[in-house]
Amino acid sequence: MYIVQIASECAPVIKAGGLGDVVYGLSRELESQGHCVELILPKYDCMRYDHIWGLHDAYRDLYVPWFDGWVHCSVYCGWVHGQVCFFIEPHSEDFYFDRGCYYGCNDDNMRFAFFSKAALEFLLQSNKRPDVIHCHDWQTGLIPVMLYEIYKYHGMANQRVCYTIHNFKHQGFGGTDILEATQLRRPEYYFSYDKLRDNFNPFSINFMKGGIVYANAVNTVSPHHAWEARYTTISYGLGHTLEVHQDKFTGILNGIDYGFWNPENDRYLPYHYSADSFEQKHYNTKALRERLLLREENKPIVCFIGRLDDQKGVHLVHHAIYYALERGAQFVLLGSATEAAIDQWFRHEKEFLNNNPDCHIELGFNEELSHLIYAGSDMIVVPSNFEPCGLTQVIALKYGTVPIVRGVGGLVNTVFDHDYDQAHPPEERNGFVFYELDNIALESGLGRAFDLWGQNRKIFEQLAIQGMKYDYSWKNPAQEYIAMYDRIRHQ
Ligand code: ADP
């Protein structure tokens with residue numbers, strides 16, 4: 001099968017969070033299972049060019065229809081760790097991708113509407129006719145719309161489109177200007193509730209809703225989150241749309257790329273280890289302590305890695321730091337805040353705890369350090385408010401770091417409580433789960449982990465080793481995606 005992935009991220013060259021990991025990992029696995037995969041991405045000025053091999057211009061003059069005229073673009077081609085990628089570079093005064101950031105501009109909706117239009121135009125003009133176009137999140141929600149309303153009539157009638165939602169919280173909104181820009185003319189047609197009109201704001205179109213309405217298949221990134229999206233308020237107003245389109249909506253659990261996330265050969269680790277040589281892990285703990293100037297003592301290290309954001313349960317993360325210190329553990333945090341107020345708050349905490357030999361707060365995005373933290377910690381805390389899939393707990397499991405998670409979304413599908421899980425026998429359990437979104441619940445989960453670490457280290461280590469043996473690679477999820485592609489190809 002010939003598959004084109006269109007997304008705003010691809011790790012490690014463009015990574016703001018899990019979306020980048022998923023786009024890269026899934027593409028690699030699809031290729032290794034015999035399919036042809038190409039990626040189309042924006043050519044951001046600030047992406048990691050050092051991870052692209054052989055970047056060259058592949059399509060010099062791409063004219064993208066935009067408002068009443070055209071925008072001249074060039075398309076570059078290069079390999080990101082073996083995966084062929086096309087990068088779209090617009091030459092206009094809007095400098096859509098020359099902003100020194102991936103997201104967070106006032107005109108993000110226009111930037112990614114443009115990217116979606118340009119990606120389809122590139123396929124059209126370069127005569128690429130994939131069997132399946134797979135697009136991701138709100139940034140590419142208009143692709144299924146434009147495919148079926150415009151490009152179908154220009155020679156792309158046989159292409160099918162699959163739409164994956166990684167996060168319902170960000171849906172992409174706009175007004176008639178977006179429709180004018182993308183040449184989806186007839187605003188009265190698109191501004192109907194069965195098309196793009198937002199379910200709650202009658203003056204706005206909703207990109208993600210468009211993706212759901214027009215795509216041939218829609219999924220989110222774990223079975224439990226698919227259930228939550230249908231039956232709770234976590235789909236941020238799209239529940240009715242999912243109800244109407246329920247026949248094409250599923251949940252497929254994300255995997256991780258064990259070529260990149262594997263303590264046996266991780267390029268960023270000073271010491272390699274596996275489930276059979278678990279005792280080697282503690283050399284990484286030592287290295288982590290040396291690097292972050294933590295005191296060398298017989299204490300467990302708890303970590304948090306992720307965006308400091310309401311979604312991730314920042315208040316509980318904050319409480320976890322002080323609870324861990326109170327219980328005589330050490331805490332390492334690596335995170336970047338998505339809002340100025342949260343950034344300020346954690347900068348203040350960093351200053352306050354600066355001289356504490358049991359705590360380190362690292363603010364910013366640091367891929368290399370994240371690997372050492374996964375390997376060097378004993379536990380990871382993931383107290384998310386909601387979590388479509390969550391990758392940090394899955395990565396931690398592979399590194400023998402016991403996850404303590406809140407039982408929501410994909411965390412439910414990946415972490416099984418040491419004491420209470422009903423569906424798995426004790427030898428298949430791998431972490432600790434709590435449910436309420438409050439300090440007491442967090443303390444119950446984290447407290448049980450500390451108790452086990454303190455009272456029965458052998459069983460704690462056994463739990464970590466059981467976690468390392470889980471297979472959360474892309475092998476099975478990729479097969480589920482292939483089955484989905486096959487289904488829509490024959491529609
Ligand atoms: P998200 O909701 O942000 O997509 P996920 O758990 O799905 O969360 O994925 C997070 C990914 O981003 C993981 O690979 C994690 O290691 C990485 N990550 C998050 N924050 C940081 C950071 N500050 N530095 C390095 N890597 C990070």
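How close do the axes of helix α1 and helix α17 come, and at roughly what angle do they cross? In this predicted model, the axes of α1 (residues 18-32) and α17 (residues 475-489) come within 9 Å and cross at roughly 75 degrees.

## Helices α1 and α17

Because angles of 65 to 115 degrees count as roughly perpendicular, the crossing makes α1 roughly perpendicular to α17. On the α1 side, the contact is made by Leu-26, Glu-29 and Leu-30. On the α17 side, Lys-475, Ala-478, Tyr-481, Ile-482 and Tyr-485 take part. By class, this contact has six nonpolar residues and two charged residues, with no polar residues.

## Helices α10 and α11

A second helix pair is formed by α10 (residues 314-326) and α11 (residues 340-352), whose axes come within 12 Å and cross at roughly 5 degrees. Angles under 35 degrees count as roughly parallel, and the crossing therefore makes α10 roughly parallel to α11.

Helix α10 contributes Val-314, His-315, His-318, Ile-321 and Tyr-322 to the contact. Helix α11 contributes Ile-342, Trp-345, Phe-346, Glu-349 and Phe-352. The residues of this contact divide into seven nonpolar, two polar and one charged.

## Strands β3, β4 and β5

Strand β4 (residues 69-80) pairs with strand β3 (residues 52-66) in the antiparallel sense over ten bridges. One of the bridge pairs joins Ile-52 to Val-80 of β4. The hairpin of β3 and β4 has two residues between the strands, and Phe-67 in this hairpin takes a positive phi near 50 degrees.

Strand β4 also pairs with β5 (residues 83-91), again in the antiparallel sense, over nine bridges. Here the bridge partner of Tyr-76 is Phe-87 in β5. The hairpin of β4 and β5 likewise has two residues between the strands, and His-81 takes a positive phi near 45 degrees.

## Surroundings of the ligand

The ligand has 23 residues around it, of which Gly-18, Asp-21, Arg-307, Gly-364 and Tyr-374 come nearest. Two of these nearest residues place backbone atoms close to ligand heteroatoms. For Gly-18, a backbone N or O atom lies 2.6 Å from an oxygen atom of the ligand. For Gly-364, a backbone N or O atom lies 2.8 Å from a nitrogen atom of the ligand.

A polar backbone atom of Leu-391 is 2.9 Å from an oxygen atom of the ligand.

Technical notes
Residues numbered from 1 in each chain as written. Predicted model: local features only at pLDDT ≥ 70, side-chain atom pairs only at ≥ 80, totals over all residues. Heavy atoms only, no water. Pairing = 2+ DSSP bridges. Helix = DSSP H or I, 4+ residues; strand = E, 2+ residues; numbered from the N terminus. Axes fitted to C-alpha atoms, helices over the stretch in contact; angles between N-to-C directions. Parallel < 35°, antiparallel > 145°, perpendicular 65-115°, else oblique. Contact = heavy atoms within 4.5 Å. Nonpolar A, V, L, I, M, F, W, Y, C, P; charged D, E, K, R; others polar. Near = heavy atom within 4 Å. Polar contact = N/O pair within 3.5 Å; in protein donor to acceptor, adjacent residues only side chain to side chain.
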